[in-house]
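I open these notes with the strands, then go on to the core, the backbone outliers and one threonine. Each entry says what I looked up and what I found.

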Amino acid sequence: MPAMRTLEVRRHSKREQPAKHLSQQGVLLARDVGRRMGPFERVVCSSAWRCVETACAMGFAVDETRDDLHMRRAQDKLPDDVLGLSTFEAFADAASSGKAKRLAQDLAYIWCEIAAALSKNGRGLVVGHGAMTELAAVAALPDADHAAWGKALAVCEGIRLTFDRGRFHSAQILRVGKRHDRRLRT
C-alpha cells in the first residue's frame with residue numbers, strides 16, 4: 001500500500017464580530033474539538049488571529065502562518081455572493097468559473113504544497129476560514145460528489161484529505177455536531 005499523507009483543514013472557531021480574537025465560547029469549542037484530533041507533524045494557519053488562536057486552543061503549536069490563507073488577502077478575488085453559499089455543491093458551482101475558480105485553484109495548490117512537504121504517512125493541520133475552505137476543497141477534488149458533502153462548514157468543522165503522488169485522493173467531512181453547543185451552554 002502506498003504512503004498516504006493526510007491533511008486536515010479546519011475552519012477557525014467562534015468569535016464575536018468585529019473582534020479579531022476568539023470568544024471564550026470559541027476557545028472552549030476549539031479545546032473540546034482538539035481533544036479528538038492529532039497528532040500533527042505540521043500545523044499551518046492563516047495569519048488571522050482567530051486561526052492561530054484556534055490551533056493553539058486545540059492544543060497544537062503553530063509551525064507557520066501564511067498571509068495567502070488570510071481572508072483579507074482573498075477579498076479582491078472572492079465574489080460577494082460566495083460568502084452566502086450554504087452547500088458544498090453551491091461552492092463547486094461557484095468554483096467552476098471566474099474569480100472564484102482562480103481563488104479555489106490557488107488555495108488547493110497551497111494545500112498541495114503543505115501536504116507534499118509532510119513525511120511518508122505524515123499528518124498536517126491547516127486552520128483557515130469559511131468559504132475559502134469550501135472553495136479549496138472542491139478544487140482539490142474536482143470530480144467528487146460535492147452534493148454528498150452536504151452543507152457548508154460551521155466553526156471548527158473541516159475536511160480530512162488523503163494525498164499521494166502530487167494530488168488529493170479522498171475526503172472526509174468533519175462535523176462538530178450539536179452536542180458541542182449544548183456542552184458550551186452549561
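Entry 1, strand pairing. I looked up the bridge partner of Arg5 and found Phe163, in β5. The model is a predicted one, and I read every value here as computed. Arg5 led me to the β1 and β5 pair, which is antiparallel and runs over six bridges. I then checked β1 against β4, residues 123–128, and found a parallel pairing, also over six bridges. In that pairing Val9 stands opposite Val126 of β4.

Entry 2, burial of β1. I asked how many of the seven residues of β1 are buried. The count is six, so I note β1 as largely enclosed by the rest of the structure.

Entry 3, the largest nonpolar core. I found 40 residues in this core. Trp111, Leu135 and Phe168 have the most contacts inside it. I listed the elements that give two or more residues to it: β1 (5–11), α3 (71–74), α4 (88–94), α5 (98–116), α6 (132–140), β5 (158–164) and β6 (167–174). Which of them gives the most? It is α5, with 10 residues. I set beside this the general point that in soluble globular proteins nonpolar side chains tend to be buried together.

Entry 4, Trp111. I took the contacts of Trp111, leaving aside neighbours within four places in sequence. Among them are Leu7 and Val9, then Val126, then Thr133, Ala136, Ala137 and Ala140. Ile159, Leu161 and Phe168 complete the list for Trp111. I also noted a second, separate core of 19 residues, which includes Val43, Cys51, Val52 and Cys156.

Entry 5, Thr133. This residue is on the Trp111 list, and I placed it in helix α6. Buried or exposed? Thr133 has 2% relative accessibility, so it counts as buried; the cut-off for buried is under 20%. I followed its side chain and found that it reaches the backbone oxygen of His129 at 2.8 Å. With residues up to four places away in sequence not counted, Thr133 touches Val9, Trp111, Gly128 and Leu153.

Entry 6, cis peptide bonds. As background, most residues other than glycine have a negative phi, and most peptide bonds are trans. I looked for exceptions and recorded a cis bond joining Gln17 and Pro18, with omega about 10°. Pro18 is in the loop between β1 and α1 (24–34). I recorded another cis bond from Gly38 to Pro39, with omega near 0°. Pro39 is in the loop between α1 and β2 (42–46).

Entry 7, positive phi. I noted Cys156, which is not a glycine and yet has a positive phi of about 70°. Its place is in the loop between α6 and β5. Cys156 has 0% relative accessibility and therefore counts as buried; I had already met Cys156 in the second core. I noted Arg165 as well, with a positive phi near 55° in a residue other than glycine. Arg165 is in the loop between β5 and β6. At 73% relative accessibility Arg165 counts as exposed, whereas Cys156 counts as buried.

Entry 8, cross-check. I went back to Val9, which stands opposite Val126 in β4. Val9 and Val126 are both in contact with Trp111, and Val9 is also touched by Thr133.

Key:
Residues numbered from 1 in each chain as written. Predicted model: local features only at pLDDT ≥ 70, side-chain atom pairs only at ≥ 80, totals over all residues. Heavy atoms only, no water. Core = buried A, V, L, I, M, F, W, Y, C linked by side-chain atoms within 4.5 Å. Buried < 20%, exposed > 50% of the residue type's maximum accessible area, 1.4 Å probe, protein only. Helix = DSSP H or I, 4+ residues; strand = E, 2+ residues; numbered from the N terminus. Contact = heavy atoms within 4.5 Å. Pairing = 2+ DSSP bridges. Polar contact = N/O pair within 3.5 Å; in protein donor to acceptor, adjacent residues only side chain to side chain.
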